[in-house]
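Trainee: I'm new to this one and don't know where to start looking. Please pick one part and take me through it closely, with enough of the surroundings that I can find my way around.

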Amino acid sequence: MKRPVELVQEVIRSSQFPFDEIFIDSIPKEELDSINKTQVLLTESDDSPEDYGNSDFVTLLYGVYIQIFYTNSEDAAIDITKVEIDLMKYLVSNDWLVVQSQKHYLDPDTGQMIKNITVQRTMTLSEIANS
């Protein structure tokens with residue numbers, strides 16, 4: 001059985017999103033200053049019982065918080081709006097609901113542009129067992 005962040009990682013890896021690295025749970029210390037790479041950090045936002053039947057839960061609500069740290073490299077020609085729309089549409093086409101897309105902001109220490117997106121998906125226990 002895969003964790004929600006692993007499921008989203010698979011979707012992002014199969015998309016056309018121009019990332020250099022995807023991390024789960026945290027960014028390693030040695031990568032924190034990598035401002036010339038586009039990095040994606042995936043953390044869990046939800047993992048709770050959702051639907052009930054026969055006095056037991058039958059589905060789980062999975063949620064994943066996606067943080068995108070865009071490269072500062074002058075060589076990178078990323079159309080941020082386009083790639084984010086494409087990524088969100090790709091997540092939706094892979095059964096993830098985009099529940100929040102926050103505004104961009106700049107990291108005060110690195111100057112990197114950051115984008116936060118939260119996605120959710122309800123999965124049956126059998127779907128989870130087969131993931």
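Mentor: A word on names before we zoom in: a strand here is a DSSP run of E with at least two residues, a helix is a run of H or I with at least four, and both kinds are numbered from the N terminus. With that settled, Gln120 belongs to strand β8, and we'll come back to it. Keep in mind that what you're looking at is a predicted model.

Let's get the whole chain in view before picking a part. It holds three helices and eight strands. Reading from the N terminus, the elements go α-β-β-β-β-β-α-β-β-β-α. Along the principal axes, the C-alpha atoms fit a box of roughly 55 × 30 × 25 Å. The chain has 131 residues, and 39% of them are buried. If you take contacts between residues at least 6 apart in sequence, 57% of those link residues at least 24 apart. The accessible surface adds up to about 7500 Å², with carbon and sulfur atoms accounting for 48% of it.

The part I'd like you to look at is helix α2, along with what sits around it. This helix takes in residues 80-93, which is 14 residues. At 1.5 Å a residue they should span 20 Å, and the end C-alpha atoms are indeed 20 Å apart, so the expected and actual spans agree.

Now look at which residues of α2 are tucked away: Val83, Glu84, Leu87, Met88 and Leu91 are the buried ones. Looking down the axis of α2, you'd find these buried residues within an arc of 135°, so they line one face of the helix. The general rule behind such a pattern is that an α-helix has 3.6 residues a turn, so residues three or four places apart point the same way. Turn α2 around, and the face away from the buried side carries Lys89 and Ser93, which are exposed.

What do the buried residues of α2 pack against? Their partners are α1, β5 (59-69), β6 (97-101) and β8 (113-124).

Let's follow the link to α1, using Val11 as a guide. Val11 sits in helix α1, which covers residues 4-14. Its relative accessibility is 9%, so Val11 counts as buried. Setting aside neighbours within four places in sequence, Val11 contacts Tyr90, Leu91, Asn94 and Trp96. You've already met Leu91 as one of the buried residues of α2. As for Trp96, it is 85 residues away from Val11 in sequence, yet their C-alpha atoms are 9.6 Å apart in space.

Next, walk off the end of α2. Asp95 lies in the loop between α2 and β6. Although Asp95 isn't a glycine, its phi is positive, at about 75°. With 53% relative accessibility, Asp95 counts as exposed. It isn't alone in having a positive phi: Asp25, another residue that isn't glycine, has one near 80°. That residue is in the loop between β1 (21-24) and β2 (39-49), and at 41% relative accessible area it is partly exposed.

Back to Trp96, which is a good hub to click on. Beyond its neighbours within four places in sequence, its contacts include Pro4, Leu7, Val8 and Val11, as well as Leu91, Val119 and Gln120. Trp96 also appears, with Val8, Leu42 and Ile66, among the residues with the most contacts inside the largest nonpolar core, which has 24 residues. At least two residues of this core come from each of α1, β2, β5, α2 and β8. As a rule, nonpolar side chains in soluble globular proteins tend to be buried together. A separate core of five residues lies apart from the big one, with Phe23, Ile27, Leu41 and Ile114 among them.

And here's Gln120 again, over in β8. Leaving out residues up to four places away in sequence, its contacts include Asp95 and Trp96, along with Leu97, Val99 and Asp46. With Asp46, the side chain of Gln120 makes a polar contact of 2.7 Å.

So, to place α2 in your mind: one face is lined by buried residues, those residues pack against α1, β5, β6 and β8, and the opposite face carries exposed Lys89 and Ser93.

Notes. Residues numbered from 1 in each chain as written. Predicted model: local features only at pLDDT ≥ 70, side-chain atom pairs only at ≥ 80, totals over all residues. Heavy atoms only, no water. Buried < 20%, exposed > 50% of the residue type's maximum accessible area, 1.4 Å probe, protein only. Contact = heavy atoms within 4.5 Å. Expected span 1.5 Å × (residues − 1). Arc of directions from axis to C-beta. Polar contact = N/O pair within 3.5 Å; in protein donor to acceptor, adjacent residues only side chain to side chain. Areas by Shrake-Rupley, 256 points an atom, 1.4 Å probe, with all protein chains shown as cover. Core = buried A, V, L, I, M, F, W, Y, C linked by side-chain atoms within 4.5 Å.
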